[in-house]
Amino acid sequence: MTTGKLLGHLLRKHRQAAGLSMSAVARALTEAGCGRSRQSVYVWEKGAADPPAEVLRALVEVYALTAGQKVEIFNAAGLLVIVPTEAA
């Protein structure tokens, strides 16, 4: 599975798990200041294009993902993830 296809698969999986339609995701992104259309969500989920980083950050919040799921999404997008650790 290519990087774009993996990211698309994960985005679709998490959207469906959140019980959201593509239109609902587009509305939530608009409310978050990242206005995108249902068609954009479709293109990302098909792996034809990746969402910009700021949109990806909004998507993981819309989907209410755990920290581990966020890392999985950002890694699939090829973005560096820095996870803070507790001070020793």
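**Group meeting: a walk around helix α4**

Let's start with Leu59, which touches Leu11, Val25, Leu29, Trp44 and Pro51, leaving out residues up to four places away in sequence. Before I go on, please keep in mind that this is a predicted model.

So what surrounds that residue? Leu59 belongs to the largest nonpolar core, which has 20 residues. Those with the most contacts inside this core are Leu7, Leu11, Leu29, Trp44, Leu56, Leu59 and Ile73. Two or more residues come from each of α1, α2 (22-31), α3 (38-46), α4 and α5 (67-76). Which element gives the most to this core? That is α4, with five residues. In α4, which covers residues 53-62, the buried residues are Val55, Leu56, Ala58, Leu59 and Val60.

Now let me take the helix pairs, beginning with α2 and α4. Two packed helices are described by the angle between their axes and the distance between the axes. For α2 and α4, the axes come within 10 Å and cross at roughly 115°. The crossing of these two helices is right-handed. On the α2 side the contact is made by Val25, Ala28 and Leu29, and on the α4 side by Val55, Ala58, Leu59 and Val62. If you sort the residues of this α2 and α4 contact by class, you get seven nonpolar, no polar and no charged. You'll recognise Val25 and Leu29 here, as both were on the list of residues that Leu59 touches.

Next, α2 against α3. These two helices pack at an angle of about 110°, with their axes 8 Å apart. That makes α2 roughly perpendicular to α3, because angles of 65 to 115 degrees count that way. Here too the crossing is right-handed, as α2 passes α3. From α2, the contact is made by Met22, Ser23, Val25, Ala26 and Leu29; from α3, by Arg38, Val41, Tyr42, Trp44 and Glu45. The class count for α2 with α3 is seven nonpolar, one polar and two charged residues. Val25 and Leu29 are part of this contact, and they also take part in the contact of α2 with α4.

The last pair for today is α4 and α5. How do they run relative to each other, parallel or antiparallel? Their axes come within 11 Å and cross at roughly 150°. With over 145 degrees as the cut-off, α4 and α5 are therefore roughly antiparallel to each other. Once more the crossing is right-handed, with α4 passing α5. Leu56, Arg57, Val60 and Glu61 of α4 meet Lys70, Ile73 and Phe74 of α5. That contact of α4 with α5 divides into four nonpolar, no polar and three charged residues.

Let's look at what sits between those two helices. Ala64 is found in the loop between α4 and α5. Most residues other than glycine have a negative phi. Ala64, though, has a positive phi of about 55° although it is not a glycine. Is Ala64 buried or exposed? At a relative accessible area of 63%, Ala64 is exposed, because the cut-off is over 50%.

Two more loops deserve a stop. Cys34 lies in the loop between α2 and α3. With a relative accessible area of 12%, Cys34 is buried, because buried means under 20%. Setting aside neighbours within four places in sequence, Cys34 is in contact with Leu29, Glu54, Val55 and Ala58. Leu29, Val55 and Ala58 also take part in the contact of α2 with α4.

Asp50, for its part, is in the loop between α3 and α4. Asp50 counts as partly exposed, at 38% relative accessibility. Beyond residues up to four places away in sequence, Asp50 touches Gly4, Leu7 and Trp44. Leu7 and Trp44 are among the core residues with the most contacts. For a sense of distance, Asp50 and Leu65 are 15 residues apart along the chain, and their C-alpha atoms are separated by 18 Å.

I'll finish in helix α1, residues 3-17, which is where His14 has its place. Buried or exposed, what would you guess for His14? His14 counts as buried, at 5% relative accessibility. Apart from neighbours within four places in sequence, His14 is in contact with Tyr63, Leu65, Gln69, Glu72 and Ile73. Ile73 is one of the core residues with the most contacts, and Ile73 also meets α4 from the α5 side.

Thanks, everyone. I'm happy to take questions.

Note on methods
Residues are numbered from 1 along each chain as its sequence is written. This is a predicted model: local features need pLDDT of at least 70, side-chain atom pairs count only at pLDDT 80 or more; totals for chains, interfaces and linings use all residues. Side-chain values use heavy atoms; hydrogens and water are left out. Helices (H or I, at least four residues) and strands (E, at least two) are DSSP runs, numbered from the N terminus. Buried means under 20% relative accessible area, exposed over 50%, partly exposed in between (1.4 Å probe, protein chains only). Contact means heavy atoms within 4.5 Å. A nonpolar core is a set of buried Ala, Val, Leu, Ile, Met, Phe, Trp, Tyr and Cys residues joined through side-chain atoms within 4.5 Å. Axes are lines fitted to C-alpha atoms, for helices over the stretch in contact, and angles run from 0 to 180 degrees between N-to-C directions. Angles under 35 degrees count as roughly parallel, over 145 as roughly antiparallel, 65 to 115 as roughly perpendicular and the rest as oblique. A crossing is left-handed if the near helix is turned anticlockwise from the far one by less than a right angle, and right-handed if clockwise. Ala, Val, Leu, Ile, Met, Phe, Trp, Tyr, Cys and Pro count as nonpolar, Asp, Glu, Lys and Arg as charged, and the others, Gly among them, as polar.
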